[in-house]
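Trainee: I would like a close look at one part of this protein. Please start with a single residue and work outwards from there.

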Amino acid sequence: MSSLVVANGVLFSGGSVLEGDAVGIRDGRVVATGPRRDVRDAIGPDADELDARGGLVTPGFVDSHIHLGGGAVDALRCDLAGAASLAEVDERVRTFAARTTAAWIVGGGWDPTVFPTTGPTAAHLDALVPDRPALFLDADHHGAWVNSAALRAAGIDERTPDPFDGRIERSSDGTPSGALREGAMQLVSPLVPPSATADIAQALLSISRDVLAAGITGWQEAALGTYAGYPDFSDAYRALTEAGDLVGRATGAIWVPRDLTPATVDAFVAECVERARVNTAAGFPTRTAKLMLDGIIETRTAHVCAPYPDGSHGLAYFDPQIVRLLVPALNAAGLAVHVHALADAAVRDALDGFAAVPSADRARVRNHIAHLELITPADLPRFAALGVTANCQPYWACRNDLVRDVTLPLLGAGRADELYPFASLRTAGARLAMGSDWPVSTFDPWLGVHVAVTRQPPGESDAEPLGAAQSLSLGEALYAYTRGSADLLGIGPGTLAPGAPADLAIADRNPFAGRPDDIHETRNVTTVVAGDVAGG
């Protein structure tokens with residue numbers, strides 16, 4: 001019978017700091033919290049002891065929207081993440097291409113702000129990769145940069161129409177420029193040779209250890225399906241869970257393809273049920289479908305109510321009729337729906353879909369909407385009324401370069417206070433969960449918590465907050481990132497209450513005793529999963 005006492009800590013659970021300084025664990029579950037002496041008496045004298053050194057002890061963080069599989073595949077390709085200049089992008093691409101004989105040069109993670117405002121071009125990439133097709137996804141994974149060989153391989157020219165769910169960027173003469181938005185990526189990405197499942201699994205395992213070290217004990221893989229050159233990561237997850245190699249409570253969401261019609265909804269739902277059964281039986285719970293309704297504001301593909309400066313309203317990837325058929329069918333089958341909705345028109349379509357579900361079916365699942373950059377005020381109370389969780393990505397809710405240079409010019413600077421309305425959602429009674437959307441942004445939960453509280457980029461205490469009235473308290477942000485997300489994913493209560501799974505994150509300090517400006521300096525030092533030290 002294994003037992004552990006975590007002592008000399010500041011305990012946070014369920015939204016507040018607890019009395020006492022110790023947590024007692026036996027056989028993977030919390031047995032007691034309180035003063036060290038009392039916890040020792042409850043656990044027994046033979047328990048191992050872990051000194052928290054005055055740091056904050058919380059339930060493990062749970063990332064409710066992450067793409068570990070995508071990050072694993074990216075690790076096998078040319079990684080442009082963090083490249084701070086176009087010269088650095090060029091050097092990484094040239095170096096990678098020179099070192100491989102692969103038929104395609106594939107990678108991603110480029111920052112759109114390092115390119116001219118007109119975007120990346122095929123001619124530029126031709127100079128870097130002249131001999132093979134090349135495709136690079138942007139940091140948001142909502143756009144791709146391709147060379148002329150890739151365009152030729154896909155048969156894309158000036159006569160190729162835009163797909164209904166995407167856009168081919170074009171030069172003034174109508175020829176494709178080399179940038180593909182949203183569904184237009186699918187014209188090229190299916191041609192990319194797939195990575196081996198064993199290689200993906202190994203990269204996934206390596207990344208999962210980094211996630212654990214950050215204090216994350218559970219997560220949802222937010223898209224299981226073939227899209228934008230990525231495979232269904234279910235095979236890799238099942239290989240790891242069946243071998244007993246994966247530590248942490250991983251769950252998955254099955255990608256909804258955009259070519260659904262009313263006539264194919266029932267067949268797709270039946271397929272989802274079977275895929276969920278297979279994954280869950282292998283130890284990878286998959287109780288959710290992922291429905292992507294729009295794109296992102298920065299490429300004018302997010303579906304907005306008020307038009308962009310060019311008069312467009314973005315893209316709606318599904319007809320509202322399909323949404324109102326699909327969502328009730330999935331919920332009736334016992335599958336929750338995880339919706340990507342950036343802008344207010346897409347959020348409204350999602351809520352209308354949930355409103356079409358009989359209340360008894362809604363009560364059986366945990367529906368949620370992720371990203372939520374813009375929400376019409378009239379729709380805020382509908383989250384609580386329909387039992388829909390707000391799945392927030394807090395790290396984005398600040399005036400970073402992208403927001404300053406691209407987002408606000410498209411929406412209007414006067415709308416800055418409307419973005420990422422976390423506090424308004426909470427006031428309206430919505431349940432909040434949190435996630436990172438890594439590798440789009442960092443998975444370090446303390447950086448996300450910092451932005452949720454300060455609405456400023458980490459380390460920029462002089463920056464103007466992005467909608468200061470929408471900030472959360474430290475306790476509210478931690479609650480959402482622990483209990484809120486754990487409950488949403490169905491992996492436990494996300495608390496330190498007796499009987500709860502002993503999933504803990506131990507920080508190097510107590511941020512409640514410091515300044516909000518310094519929250520980002522907090523580091524996770526130890527992670528415990530089911531009573532075993534697993535990372536840090």
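**From one serine outwards**

Mentor: S177 is buried, with a relative accessible area of 13%. That value comes from a predicted model, as does everything else below. The limit for calling a residue buried is 20% relative accessible area, so S177 at 13% falls under it. S177 is found in strand β14. Leaving aside residues up to four places away in sequence, S177 touches P120, T121, A122, E169, R170 and S171.

One of those contacts, E169, leads to the next step. E169 forms a salt bridge with R181, and the closest N and O atoms of the pair are 3.1 Å apart. R181 lies in strand β14 (residues 176-182) and E169 in strand β13 (residues 166-170), so the bridge ties together parts that are 12 residues apart in sequence. Strand β14 therefore holds both S177 and the arginine of this bridge. Both partners of the bridge are buried: R181 has a relative accessible area of 12%, and E169 has one of 19%. With the limit at 20%, the 19% of E169 is still under it, so E169 counts as buried.

This bridge belongs to a longer list, since a search of the whole structure finds 29 salt bridges. In general terms, side chains of opposite charge can pair when their charged atoms come close. Another case is R426 with E476, where the closest N and O atoms are 3.2 Å apart. R426 is in helix α14 (residues 422-427) and E476 in helix α16 (residues 474-489), so this pair ties together parts that are 50 residues apart in sequence. Here the partners are partly exposed, with relative accessible areas of 33% for R426 and 26% for E476. Salt bridges also join into a network, which links R348, D352, D379 and R382.

A further bridge runs between R275 and D232, with their closest N and O atoms 3.0 Å apart. This pair links distant parts of the chain, 43 residues apart: R275 is in helix α8 (residues 265-281), and D232 is in the loop between β15 (216-224) and α7 (234-243). D232 is partly exposed, with a relative accessible area of 24%; 24% lies between the limits of 20% and 50%, so neither buried nor exposed applies to D232.

The helix after that loop is α7. Its buried residues are S234, A236, Y237, R238, L240 and T241. These buried residues pack against α2 (68-75), α6 (197-213), β15, β16 and α8. Helix α8 thus packs against buried residues of α7 and also carries R275, the partner of D232. Just after α7, G244 takes a positive phi of about 75 degrees.

Aromatic contacts come next. The structure holds 13 aromatic pairs. In one of them, Y227 and W255 have ring centres 4.8 Å apart and planes at 25 degrees, so the pair is stacked. Y227 is in the loop between β15 and α7, while W255 is in strand β16 (residues 249-255), 28 residues away along the chain. Both Y227 and W255 are buried. For Y420 and F422, the ring centres are 6.2 Å apart and the planes at 50 degrees, so that pair is tilted. Y420 and F422 are buried too. Elsewhere, ring pairs link W110, F115, F136 and W145 into a cluster.

Y227 and W255 return when the cavities are considered. The structure holds two cavities of 30 Å³ or more. The largest has a volume of about 300 Å³. It is lined by 19 residues, and those closest to its centre are H67, H141, A223, Y227 and W255. The lining is made up of eight nonpolar, eight polar and three charged residues. The second largest cavity holds about 100 Å³ of space. Of the 13 residues that line this second largest cavity, A486, I491, G494, P501 and D503 lie nearest its centre. By class, its lining has seven nonpolar residues, five polar and one charged.

Key: Residues are numbered from 1 along each chain as its sequence is written. This is a predicted model: local features need pLDDT of at least 70, side-chain atom pairs count only at pLDDT 80 or more; totals for chains, interfaces and linings use all residues. Side-chain values use heavy atoms; hydrogens and water are left out. A salt bridge is a side-chain nitrogen of Lys or Arg within 4 Å of a carboxyl oxygen of Asp or Glu. Helices (H or I, at least four residues) and strands (E, at least two) are DSSP runs, numbered from the N terminus. Buried means under 20% relative accessible area, exposed over 50%, partly exposed in between (1.4 Å probe, protein chains only). On a 1 Å grid over the protein atoms alone, a cavity is a set of points where a 1.4 Å probe fits but cannot get out, and a pocket is an open set with protein on both sides within 12 Å along at least five of seven lines; lining residues have an atom within 4 Å of a point. Grid points are joined across faces, edges and corners, and a volume is the space filled by probe spheres set on the points. Ala, Val, Leu, Ile, Met, Phe, Trp, Tyr, Cys and Pro count as nonpolar, Asp, Glu, Lys and Arg as charged, and the others, Gly among them, as polar. Contact means heavy atoms within 4.5 Å. Rings of Phe, Tyr and Trp (its six-membered ring) pair if their centres lie within 6.5 Å; planes under 30 degrees apart count as stacked, over 60 as edge-to-face and the rest as tilted.
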